[in-house]
Amino acid sequence: MAAAWDLKKAGHDVVIFESAGYVGGLASGFKEPHWDWSVEKFYHHWFQSDKDMLALIRELGLEDKVVFPRPYTVLLYKGKWYPFDSLLKMALFPGLGWGLNKIRFGFVGLFLRLTNNWRALEKVTADEWMMKWAGRQVYEQMWKPLLVGKFGPFYRDVNMAWMWARIKARTTRLGTFQGGFQKFADLFAEKLRGLGVEIRLGARVESIKREQARLSVRSEKGVESFDKVLVTTSPNLMAKLCPDLPENYLKGLLELKSMGAVVMTLSLKRRLSKDGFYWFNIPKEEGYPFLALVEHTNFVSSEHFGGDHIVYAGDYLEAGHEYFSLSDEELLERFIPAFQKFNPEFSRGWVKKIWVHKTNYAQPVPLVGHSKNIPAIQTPIDGLFFASMSQVYPWDRGTNFAVEIGRRAARMMG
Ligand SMILES: Cc1cc2nc3c(=O)[nH]c(=O)nc-3n(C[C@H](O)[C@H](O)[C@H](O)COP(=O)(O)OP(=O)(O)OC[C@H]3O[C@@H](n4cnc5c(N)ncnc54)[C@H](O)[C@@H]3O)c2cc1C
């Protein structure tokens with residue numbers, strides 16, 4: 001959509017093919033009839049440092065709809081929750097111990113904030129680098145849970161530039177859009193349509209082929225030809241849609257690793273966290289059946305949801321994990337004992353409704369020397385371009401970087 005905005009403004013005719021019946025992709029949301037706001041299928045917020053997204057929002061004239069509440073993020077240590085939303089608060093985390101560890105934590109944090117040399121950091125794994133510079137206790141208490149949570153079996157393979165990007169590009173203030181991310185996507189779509197961009201919903205692309213001077217796009221409705229095409233799906237799907245890509249490029253797409261995600265959203269009759277915490281980080285070794293519990297209505301008011309309290313419980317999982325095949329009810333059965341740890345009074349009767357969203361493509365896994373694995377935006381097929389979450393590296397995926405790469409692709413296509 002960001003690419004379409006720039007291309008249309010540059011005078012091109014633009015058609016968006018969207019297989020779903022709505023816009024927004026992984027950042028889309030859903031809504032009950034008695035809710036004023038939607039909730040995201042996969043918890044989402046913006047950082048104050050999301051400059052490309054915030055600049056686009058300003059361009060669209062929607063900046064008055066962005067809000068930055070002050071939620072509380074916490075981390076579990078020995079059965080208690082501790083603040084975890086700024087380097088300063090993290091430095092006070094008791095898991096770090098005292099003395100040298102706190103100093104090492106501080107220096108490592110400061111170094112990562114100040115350096116721009118991510119190319120040196122991508123040559124080593126985060127596991128090795130952190131063990132060496134932050135030390136075992138700081139690493140194991142603070143940073144390792146983040147790696148294990150996000151990357152599961154691949155956590156030892158992730159390069160240090162990923163960790164650098166997380167610390168460099170994220171602020172403690174978290175933002176959202178009044179009405180939810182879906183509202184933003186819908187307003188953006190409305191602006192695009194206003195400019196004359198054609199957005200076709202429920203239009204799944206089946207293949208893209210070069211035929212003489214143009215690219216043929218096959219969808220359920222038949223074949224149409226275009227001068228240029230930008231694909232914004234997962235690398236795996238890109239490989240399937242465009243089998244004529246040269247072997248090297250295809251191999252590069254198929255070798256990229258990623259994690260999936262399973263996120264349950266619950267609407268509850270009562271507030272779960274008595275302390276009003278928003279984001280609970282849970283180290284995997286604590287044995288909870290999910291990685292993060294997020295009480296959305298401790299970030300934005302439950303008034304927007306007709307008084308319902310909205311809670312997410314989610315995890316990053318490798319494809320084939322059993323959570324992908326459990327029914328929603330089976331997953332809830334697994335989760336209920338854990339909810340009671342957040343509030344002993346919690347019972348099944350609090351649950352009004354649940355929704356479970358699953359995706360195989362949630363989080364690219366950046367390995368050592370990853371910059372050489374990134375597929376070029378301009379593919380070897382003339383006129384065919386590709387921009388996905390896997391190419392925003394060294395930055396971690398996020399809507400901000402989707403906007404940035406979309407606009408970069410538009411400039412290249414222009
Ligand atoms: C669990 C989770 C939490 C996240 N949290 C945040 C967050 O807090 N903040 C943040 O900014 N970002 C977050 N993100 C990342 C954010 O959602 C992505 O960076 C962003 O949505 C990527 O946008 P995209 O357009 O590249 O891809 P997508 O959102 O994946 O969009 C691709 C689109 O292509 C469509 N499509 C697929 N196949 C076809 C086909 N054959 N034909 C036509 N259309 C097709 C899909 O329906 C989809 O709409 C999160 C993601 C996940 C999974």
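Axes are lines fitted to C-alpha atoms, for helices over the stretch in contact, and angles run from 0 to 180 degrees between N-to-C directions. The model analysed here is predicted. On this basis, the axes of helix H1 (residues 2-9) and helix H13 (399-413) cross at roughly 35°. They come within 7 Å. The crossing of H1 and H13 is right-handed. On the H1 side, the contact is made by Ala 2, Ala 3, Asp 6 and Leu 7. On the H13 side, Val 403, Gly 406, Arg 407, Ala 409, Ala 410 and Met 413 take part. By class, the residues of this contact are 7 nonpolar, 1 polar and 2 charged.

H13 also packs against helix H2 (residues 51-59). Here the axes cross at roughly 70° and come within 7 Å. Angles of 65 to 115 degrees count as roughly perpendicular, and H2 is therefore roughly perpendicular to H13. From H2, the contact takes in Asp 52, Met 53 and Leu 56. From H13, it takes in Thr 399, Asn 400, Val 403 and Glu 404. This contact of H2 with H13 holds 3 nonpolar, 2 polar and 2 charged residues. Val 403 of H13 thus appears in the contact with H1 and in the contact with H2.

The ligand site was examined next. The ligand is surrounded by 28 residues. Gly 25, Leu 26, Phe 42, Ala 362 and Thr 399 are the closest. Thr 399 also belongs to the contact of H13 with H2. H13 gives the largest share of the shell around the ligand, 3 residues. At least two residues of the shell come from each of strand E1 (15-18), strand E14 (257-268), strand E18 (351-365) and H13. By class, the shell has 14 nonpolar, 11 polar and 3 charged residues. Domain 1 and domain 3 each supply at least three residues of this shell.

The domain assignment divides the protein chain into three parts. Domain 1 is discontinuous in sequence and covers 2-59 + 180-256 + 374-413. Domain 2 spans 86-169, and domain 3 spans 257-365. Taken over C-alpha atoms, the centres of domain 1 and domain 2 are separated by 32 Å. Contact between these two domains involves 4 residues of domain 1 and 7 residues of domain 2. The domain 1 side of this contact has 2 nonpolar, 1 polar and 1 charged residues.

A further helix pair is formed by helix H6 (residues 126-133) and helix H7 (residues 136-151). Their axes lie 8 Å apart, and the packing angle is about 155°. Angles over 145 degrees count as roughly antiparallel; H6 and H7 are therefore roughly antiparallel to each other. The crossing of H6 and H7 is right-handed. Ala 126, Asp 127, Met 130 and Met 131 represent H6 in the contact. They meet Arg 136, Tyr 139, Trp 143 and Leu 147 of H7. This contact has 6 nonpolar and 2 charged residues, with no polar residues.

Two backbone features were found in loops. A cis peptide bond links Tyr 393 to Pro 394, with omega of about 10°. Pro 394 lies in the loop between strand E19 (384-386) and H13. Lys 78 is not a glycine, yet it has a positive phi of about 45°. Lys 78 lies in the loop between strand E6 (73-77) and strand E7 (80-83).

Note on methods:
Residues numbered from 1 in each chain as written. Predicted model: local features only at pLDDT ≥ 70, side-chain atom pairs only at ≥ 80, totals over all residues. Near = placed C-beta within 6 Å. Helix = DSSP H or I, 4+ residues; strand = E, 2+ residues; numbered from the N terminus. Nonpolar A, V, L, I, M, F, W, Y, C, P; charged D, E, K, R; others polar. Domains from an automatic or database assignment. Parallel < 35°, antiparallel > 145°, perpendicular 65-115°, else oblique. Left-handed = near helix turned anticlockwise from the far one by under 90°.
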